[in-house]
Amino acid sequence: MLPAPAPIQQLHHYAYRARDAEETRHFYEDILGLPLYHIIQSDYVPSTGEYCPYTHFFFRLQDGSFIAFFDLGDDQLAEPSPNTPKWVNHISFRVDSMQALKDMKARLEANGIEVLGITDHHIFHSIYFFDPNGVRLELTAQQADEFQMLEESKTAHARLAEWTARKETWRRDRAEGKVAAPLKPQQNDRPEFVKN
């Protein structure tokens with residue numbers, strides 16, 4: 001028998017490629033206010049053994065988790081995924097209030113950073129922007145309380161199962177040449193954005 005899954009406590013870190021460590025430090029520490037906390041430097045990657053000189057540096061969030069970066073010493077940005085819209089892959093950080101979200105929007109814009117939003121997602125409000133490495137970031141002010149989120153969680157499995165069943169049918173139809181368009185959700189949680 002396999003042991004039960006170990007309880008996963010929180011995110012430790014999420015890592016991206018950075019073009020320039022100092023440019024990235026300035027953005028995350030001086031503008032966003034996340035302290036630089038740890039650096040690892042080596043010529044070899046411990047997990048693979050491959051030769052690839054790097055500086056791996058970490059910025060700490062209030063809960064003790066980190067966002068981290070690798071400067072590979074070549075001044076190259078990470079290549080965007082050719083089949084994925086730029087808005088899909090992103091990381092969202094929570095702030096404590098709507099006022100904090102408004103304050104961060106003003107701070108970012110004062111530093112010449114283009115900000116989208118404030119966007120109302122019903123259970124939270126968000127702003128969106130890019131870091132110097134092309135990483136899309138989101139700052140979020142949670143609006144729903146824990147009870148509301150618990151209620152939302154009660155339908156999540158059923159909704160995903162419905163999507164999965166419809167996707168299996170769509171895959172068969174696509175293989176038979178009956179459909180070419182991507183699968184659309186059956187339920188639209190954002191009807192205010194539907195164009196008539």
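**Entry 1: β5, β7 and β8**

I began with strand β5 (residues 90-95), which pairs with β8 in the parallel sense over 6 bridges. The model I am reading is a predicted one, and I keep that in mind throughout. Looking for a residue pair to mark this pairing, I found that S92 stands opposite E138 in β8.

I then turned to strand β7 (residues 124-130), which runs antiparallel to β8 and is joined to it by 7 bridges. Here the pair I noted is F124, which stands opposite Q142 in β8. The hairpin of β7 and β8 has 5 residues between the strands, and within this hairpin I recorded that G134 takes a positive phi near 85°.

How many residues of strand β8 (residues 136-142) are buried? I noted 6 of its 7 residues as buried, so that I can describe the strand as mostly covered, taking buried to mean under 20% relative accessible area.

**Entry 2: the sheet of β1 to β4**

Next I looked up the sheet that 4 strands form, and I wrote it down as open, with the order β1-β4-β3-β2 and mixed pairing. Which strands stand at its edges? They are β1 (13-18) and β2 (36-44), and because each has a single partner strand, one side of each is left without a neighbour in the sheet. I also took down the turn between neighbouring strands of this sheet, which is 20° on average with direction ignored.

For the pairing of β2 I noted strand β3 (residues 51-60), to which β2 is joined by 7 bridges in an antiparallel run. Within that pairing, the bridge partner of S42 is Y54 in β3.

I then followed helix α1 (residues 21-31), which lies across β1, β2, β3 and β4 (66-71) and runs at about 15° to β3.

**Entry 3: the largest pocket**

My last search was for pockets, and for the largest pocket I recorded a volume of about 650 Å³. Its lining consists of 22 residues, and those that lie nearest its centre are L61, Q62, F93, R94 and V95.

Which element supplies the largest share of this lining? It is β5, the strand I began with, from which 5 residues of the lining come. I noted as well that β4, β5 and α2 (98-110) each supply at least two residues of the lining. Sorting the lining of the largest pocket by class, I wrote down 13 nonpolar, 5 polar and 4 charged residues.

How values were computed
Residues are numbered from 1 along each chain as its sequence is written. This is a predicted model: local features need pLDDT of at least 70, side-chain atom pairs count only at pLDDT 80 or more; totals for chains, interfaces and linings use all residues. Side-chain values use heavy atoms; hydrogens and water are left out. Two strands pair if DSSP finds at least two bridges between them. Axes are lines fitted to C-alpha atoms, for helices over the stretch in contact, and angles run from 0 to 180 degrees between N-to-C directions. Contact means heavy atoms within 4.5 Å. Buried means under 20% relative accessible area, exposed over 50%, partly exposed in between (1.4 Å probe, protein chains only). On a 1 Å grid over the protein atoms alone, a cavity is a set of points where a 1.4 Å probe fits but cannot get out, and a pocket is an open set with protein on both sides within 12 Å along at least five of seven lines; lining residues have an atom within 4 Å of a point. Grid points are joined across faces, edges and corners, and a volume is the space filled by probe spheres set on the points. Ala, Val, Leu, Ile, Met, Phe, Trp, Tyr, Cys and Pro count as nonpolar, Asp, Glu, Lys and Arg as charged, and the others, Gly among them, as polar.
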